[in-house]
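Work through the exercises below with the sequence and the model side by side. Try each task before reading its solution.

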Amino acid sequence: MKSNEELNLPESLRYTDEHVWVRMEGGEAVIGISDFAQDQLGEIAFVDLPAVGVRFDAGSDFGTVESLKSVNQLYMPIPGEVVAVNEELESTPTLVNVSPYGEGWMIRIRPDASAESLLDAAGYRALLGL
């Protein structure tokens with residue numbers, strides 16, 4: 001387990017209380033799980049993600065992440081349509097552990113709403129009790 005100081009929680013992202021992050025890039029939102037989440041899960045063994053073109057409401061289950069410890073649901077932070085899925089995670093799911101905000105991203109969506117209502121980094125730290 002990482003110490004509070006070791007956790008990487010970028011200020012530029014928005015977070016949910018289910019440990020999912022969102023980064024707006026132009027008209028799309030990139031989504032993945034936080035450094036805290038991957039640290040708690042341990043080594044990621046499998047990531048199950050949706051197909052491109054599927055629409056989700058905020059709070060909907062959009063996939064699962066499986067570690068040696070457990071299987072966890074992934075919940076959509078904001079509503080939208082999936083426009084890309086990180087295919088690299090099929091063969092290399094540990095990218096989520098190595099680079100949760102970079103190569104370990106999970107999906108890109110065309111959002112129907114802003115991510116502004118989600119937690120900022122300070123709010124997420126407070127949620128984690130950091």
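The exercises cover an annotated lysine, a strand residue, the nonpolar cores and a pocket.

This is a predicted model, in which local features need pLDDT of at least 70 and side-chain atom pairs count only at pLDDT 80 or more, while totals for chains, interfaces and linings use all residues. Residues are numbered from 1 along each chain as its sequence is written, and side-chain values use heavy atoms, with hydrogens and water left out.

**Exercise 1.** Locate Lys69 and decide whether Lys69 is buried or exposed.

Solution. Step 1: Lys69 sits in the loop between β6 and β7; helices (H or I, at least four residues) and strands (E, at least two) are DSSP runs, numbered from the N terminus. Step 2: its relative accessible area is 57%, so Lys69 is exposed (buried is under 20%, exposed over 50%, partly exposed in between, with a 1.4 Å probe and protein chains only). Step 3: leaving aside residues up to four places away in sequence, Lys69 touches Met1, Gln40, Leu41 and Gly42 (contact means heavy atoms within 4.5 Å). Step 4: an unreviewed UniProt entry annotates Lys69 as "modified residue: N6-lipoyllysine"; such annotations may be inferred rather than shown by experiment.

**Exercise 2.** Describe the surroundings of Ala45.

Solution. Step 1: Ala45 belongs to strand β4. Step 2: Ala45 counts as partly exposed because its relative accessibility is 41%. Step 3: beyond residues up to four places away in sequence, Ala45 touches Glu66, Ser67, Leu68 and Pro93. Step 4: Ser60 is 15 residues from Ala45 in sequence and 23 Å from Ala45 in space, C-alpha to C-alpha.

**Exercise 3.** Find the largest nonpolar core and say which element gives the largest share of it.

Solution. Step 1: a nonpolar core is a set of buried Ala, Val, Leu, Ile, Met, Phe, Trp, Tyr and Cys residues joined through side-chain atoms within 4.5 Å. Step 2: the largest one has 26 residues, and those with the most contacts inside it include Ile31, Phe62 and Ile107. Step 3: β3 gives the largest share, 3 residues. Step 4: a second, separate core of 11 residues includes Leu7, Leu9, Leu13 and Tyr15. Step 5: back in the largest core, Phe62 has among its contacts, not counting residues up to four places away in sequence, Ile31, Leu74 and Ile107.

**Exercise 4.** Which kinds of residue form the lining of the largest pocket?

Solution. The lining divides into 8 nonpolar, 4 polar and 1 charged (Ala, Val, Leu, Ile, Met, Phe, Trp, Tyr, Cys and Pro count as nonpolar, Asp, Glu, Lys and Arg as charged, the others, Gly among them, as polar). A pocket is an open set of points on a 1 Å grid over the protein atoms alone, where a 1.4 Å probe fits, with protein on both sides within 12 Å along at least five of seven lines; lining residues have an atom within 4 Å of a point.
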